[in-house]
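Open the model in your viewer and keep the selection box handy. We will make a few stops.

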Amino acid sequence: MTETLSTPAQALDYMPWIGLSEQEWLQQDRHQQQLAAEYPCTFGEACFVSPQAIVLPDQLALGDRSYIAGGAIVRSTRLVTGSDCSINSYSILSGDITMGNGVRIASHASLYGFNHGYAVTDVPVFRQPLTVKGIVIGDDVWIGANAVILDGVRIGSHSIVAAGAIVTRDVPAYSIVGGNPAKLIRSRLAGKTVTEDHKEDAAMEMKEQAGEYAEHVADAQRLSSAEYEADTAKLEGAGMGSGVLPLGGAEPAPSRLYEQLTNFGMQVQEQLTPLLAFYSETIEGEKLFRDRPGAGRTVRAYCDAVEIAAMFGNLPPDWTKEELIATLEQFQDSRTGLLPDPWSPPGPEDQPELLADHLSRYHLLAVGYALEVLGSALPYPVAVAENMDTATLYQQLDSLPWADNAWGGGDWIDCYATGLYHNLKSFGSGKRPDDLFGWLATHCRRDSGLWGLPTAEEGWLQPVNGFYRLTRATYTGFGLPLPYPERSIDTVLAHSRDRRFFRLDARNACNVLDVVHPLWLCLKQSDYRQTEIRAWAEKLLGEVLPFWVPGRGFAFQLSRQQETGLQGTEMWLSIICLLADLCGLSSALGYSPKGVHRLEPAFSLSV
């Protein structure tokens, strides 16, 4: 049964300026704490967010005495406000929105700080990448009822947007605008009429304000997580903070970045032995690795430890090469050539001949490449890949979930192609991946340069991550050119701006690697948008390096530094090398990825 609000409670939700009692402030504090537990939120003093509002942000930072009234919708947005801002009932805010102090948004106003891509005419608009320029609003701005503000608009301080206006371009400071599309009605400056001189002066003021607001955005990003601030301070105290690019700061010159990368690589190498020892243990005479102390046993932990050590030309401490090889070889099934997990085995419904078990698939990569790092190879051929005929292969490829789980399709191809590679290299197989490359060439989408479709829930996450997985063992592994590298770059860069996955507090190693590697691979064929990609890589390096935890490595999700592990450490070290290579500075690190994330082709197909 729906609870009926009392009249005073309803008044507070829809007219929060009437003031709260002490009990109501306690209730509001609890509501804000609940929001902050579910989303990246910060609240200034005396803020109010009505429980009757729909608040589903990517990031929310409310300044002092700002409020969101009942019925307002704040969804899929990075919203940063100054002090004394009001978001009134039934207004809608979505996308990237930054506002100064004293901004008043009337009921039913709509602010959309994003847009749908529509450049390609033969692809439905909803399947094209989103674009985000953001909306920036100055101080002391009044946005009237039913007004609409579109992406990319800057509204100068002390301006008024009339009720019902559709604002499609920048508004100079001290202006009153209205209409569809909104046009300048008059200036609010005393004794001034609308002249060309005023328009130019106001436009210049607007540019200056935009710079101030950009700094405000950077500050909000830095302050969006108290945990991040504390961890950064801890790193600075340990000597890792000096010289690292701060969020929102100027990009370092290549020489300065080279020095940072050199120092980072040296520090990792110095800490390598105690780091790997931290994730190893001995139980009843058996030596083993765990991804994190106390975590369950996994096959992957052994492989990550081997590959981290190999980056620096070493073995894990207290292990011989022969011990490691014998441990890894025991995981392979001699009949199928797959590597099921002994601690999480596939169920009775498993179809190994169709590569149905996801752990068996991934271990083929992890163990197979780790053995190569140790100068060995899988003891048995991958029979299930060798025995699959072209008709069965195409049936499997067509049945993969390209519409809603393109990552799963890429994962399957990654395993199958890796099996062919091991058979070719280690067992003299004559079976080539020509039929696989034929299917890939005819199914890559010309509009996006990817395989698979975006989804309403996750945007381009699945196709981009699937692109990385399937190209790793095919185009990267065999050194062959991609079908549409420029289109791939466009789509991957568009996805990299999706704040659901790439906010600083939300970044995890998989999502970042699955963007960095495709860009790195595409630039092997084309210099399309190279300058932009390099600047992006330099910025990302500055944001990632401070999250290294001395003697422990990286967490899979950067912001959760208490959860460092072997997987996160191996993946982020590989990501950093790829980013540095995009900047032409990978030699500074003194290491390179080995095994599953190595940069060089694995096998050259003869014509």
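The tour goes from the whole chain to a helix, a loop, a helix pair and a single residue.

**Before selecting.** This is a predicted model, where local features need pLDDT of at least 70, side-chain atom pairs count only at pLDDT 80 or more, and totals for chains, interfaces and linings use all residues. Residues are numbered from 1 along each chain as its sequence is written, and side-chain values use heavy atoms, with hydrogens and water left out.

**Whole chain.** Show the cartoon. The protein chain has 18 helices and 22 strands. Helices (H or I, at least four residues) and strands (E, at least two) are DSSP runs, numbered from the N terminus. Of the 607 residues, 54% count as buried. Buried means under 20% relative accessible area, exposed over 50%, and partly exposed in between (1.4 Å probe, protein chains only). Take contacts (heavy atoms within 4.5 Å) between residues at least 6 apart in sequence: 53% of them join residues at least 24 apart.

**Helix 7.** Select residues 321-329. The buried residues here are L324, I325, T327 and L328. They sit on the same side of helix 7, because they cover an arc of only 165 degrees around the axis. That arc is taken from the directions from the helix axis to the C-beta atoms. Now add 299-311 and 358-373: helix 6 and helix 8 are among what covers those buried residues.

**P340.** Move to the loop between helix 7 and helix 8, where P340 is found. P340 is partly exposed, at 29% relative accessibility. Not counting residues up to four places away in sequence, P340 touches F331, D333, P346, S360 and H363. Draw a distance to L359: the C-alpha atoms are separated by 6.3 Å, with the two positions 19 residues apart along the chain counted as their spacing.

**Helices 13 and 16.** Select 461-476 and 509-522. The two axes come within 9 Å and cross at roughly 50 degrees. That makes helix 13 oblique to helix 16. Angles under 35 degrees count as roughly parallel, over 145 as roughly antiparallel, 65 to 115 as roughly perpendicular, and the rest as oblique. Axes are lines fitted to C-alpha atoms, for helices over the stretch in contact, and angles run from 0 to 180 degrees between N-to-C directions. Show side chains: L461, F467 and Y468 are among the helix 13 residues in the contact, and L513, P518 and L521 are among those of helix 16.

**T491.** Which helix holds T491? T491 lies in helix 14, residues 485-496. T491 is buried, at 3% relative accessible area. Leaving aside neighbours within four places in sequence, T491 is in contact with P129, S448, L450 and W460.
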